Amino acid sequence: MDIHTNIPLKNYTTMRLGGNARFMTEVHTPQEVADVCRNAHAQSLPIFILGGGSNVIVRDEGFAGIVVRNRLTGFDIVSEEPSQTTIKIGAGENWDEVVKRTVDMNLSGIEAMSAIPGTAGAAPVQNVGAYGQEIADTLISLDAYDIQTDRFVTLQASDCGFSYRQSIFRSTSAERYVITSITLRLYKAAPQPPFYKDVQDYFDTNSITIFTPQAIRDAVIIIRTNKLPDPAVTPNTGSFFRNAVIEDWQLADLRKQYPDIPTYDMPDGRFKVPTGWLIEQTGFKGKTLHGMRVHDKNALVLINESAQSYADLAAARNEIIGAVRDQFRITIEQEPLEI
Ligand code: EPU
């Protein structure tokens with residue numbers, strides 16, 4: 001296993017900002033994961049597992065530990081039942097290639113999460129979701145190396161603490177587990193309406209009435225291409241903020257001043273307010289601050305146009321958070337992880 005030193009992380013993250021990793025290596029097998037983690041632990045070196053780098057922001061001081069690039073492969077059918085198929089996927093597999101393979105098998109469950117950049121192993125960390133599906137709905141378990149106990153473990157979905165864009169892997173157990181594979185249960189039945197508004201609008205416009213995983217994948221790819229800049233071409237990390245979650249009394253208060261405020265009901269009785277809408281109201285949509293552009297087609301996305309450093313990004317982020325707080329008394333939160 002080769003270990004490289006002083007590697008610029010901006011070359012490995014889609015925002016293309018920030019400092020160096022002190023060490024960097026790649027792992028291809030669970031055994032290599034354990035070896036790297038044991039060695040790092042013995043030398044008290046912090047470990048960060050990097051997938052596609054499309055949901056990570058790197059600070060200017062870089063990472064004073066070892067960055068481990070997850071290259072674990074695998075796509076194995078674990079069980080086949082009349083109505084569903086269970087598949088185990090290596091954490092280093094490209095997420096969209098996984099979605100494509102399951103759609104080619106005519107399976108439903110992750111097709112609305114087409115064209116999301118990154119790796120399969122990163123999907124549970126932020127409970128990836130899009131167009132009405134989230135990984136928590138189909139993930140039944142995952143295998144991981146537990147750095148704390150030096151053991152391989154299997155965690156059930158109920159152990160993962162999933163909620164909107166959240167899991168134990170980025171909160172209570174951050175830096176404890178290295179995910180080595182995920183196991184998904186996908187359905188053979190055709191996807192059923194109601195579909196997410198943008199998807200239904202696409203079906204209506206194109207007179208599509210037969211709903212297959214492939215039809216949803218095709219629709220989502222077109223919707224995303226129109227709204228979200230390709231991180232391989234334009235530096236960005238998708239949604240830069242989480243959507244805001246507010247209490248009913250806050251919403252009642254805001255409705256007095258903003259009767260048209262869009263909201264989604266949450267299962268716990270609270271309300272999700274699209275942060276893209278909040279930012280748009282502040283007037284920042286399409287504007288550039290400190291070299292960071294607020295995307296003109298979706299104000300939730302920040303594009304690194306000419307920012308020189310993480311400090312520029314942080315200045316832009318803080319101005320946007322401040323403007324939303326001043327106008328709405330809501331504190332919006334950054335979505336990508338930060339190291
Ligand atoms: N909106 C605006 N102005 C904007 C952007 C959005 O008013 O500039 C409002 C509109 O009312 C729109 C609503 O926000 O109807 C929702 O917008 P959209 O459907 O585009 O979704 P989003 O809330 O911007 C979330 C996810 C996306 C995911 C889409 C579709 C988060 C943080 N983001 O975005 O995920 O693709 O829904 O499900 O939850 C990502 O995480 O990187 C990501 C792209």
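## Ligand shell and domain arrangement

By class, the shell around the ligand holds 12 nonpolar, 6 polar and 6 charged residues. Here Ala, Val, Leu, Ile, Met, Phe, Trp, Tyr, Cys and Pro count as nonpolar, Asp, Glu, Lys and Arg as charged, and the others, Gly among them, as polar. The model is predicted: local features need pLDDT of at least 70, side-chain atom pairs count only at pLDDT 80 or more, and totals for chains, interfaces and linings use all residues. Residues are numbered from 1 along each chain as its sequence is written, and side-chain values use heavy atoms, with hydrogens and water left out.

Of the 24 residues around the ligand (a heavy atom within 4 Å of it), Tyr131, Tyr164, Arg165, Tyr196 and Glu280 come nearest. The table gives polar contacts, that is, pairs of N or O atoms within 3.5 Å.

| Residue | Atom of the residue | Distance to an oxygen atom of the ligand |
|---|---|---|
| Tyr131 | backbone N or O | 2.6 Å |
| Tyr164 | polar side-chain atom | 2.7 Å |
| Asn243 | polar side-chain atom | 2.9 Å |

On its own the ligand has 820 Å² of accessible area, and the protein covers 83% of this; such areas come from the Shrake-Rupley method with a 1.4 Å probe. Strand E8 (129-130), helix H4 (213-227), strand E13 (236-239) and helix H6 (275-282) are the elements that give two or more residues to the shell. H6 gives the most, with 3 residues. Helices (H or I, at least four residues) and strands (E, at least two) are DSSP runs, numbered from the N terminus.

The chain is divided into domain 1 (4-70), domain 2 (75-187) and domain 3 (236-332), with bounds from an automatic or database domain assignment. Because domain 2 and domain 3 both give residues to the shell around the ligand, the ligand lies between them.

Domain 1 and domain 2 have C-alpha centres 21 Å apart. In contact (heavy atoms within 4.5 Å) are 14 residues of domain 1 and 15 residues of domain 2. About 1100 Å² is buried between these two domains, and carbon and sulfur atoms give 65% of that area. Buried area is the accessible area (1.4 Å probe) that two parts lose on being put together, summed over both.

Two backbone features lie in loops before and after strand E12 (177-187). Glu175, in the loop between strand E11 (151-156) and E12, has a positive phi of about 70° although it is not a glycine. Pro194 is in the loop between E12 and helix H3 (197-205), and a cis peptide bond with omega of about 5° joins Pro193 to Pro194. Most residues other than glycine have a negative phi, and most peptide bonds are trans.

Key: A polar contact is a pair of N or O atoms within 3.5 Å; within protein, one must be able to donate a hydrogen and the other to accept it, and residues adjacent in sequence count only if both atoms are side-chain atoms.
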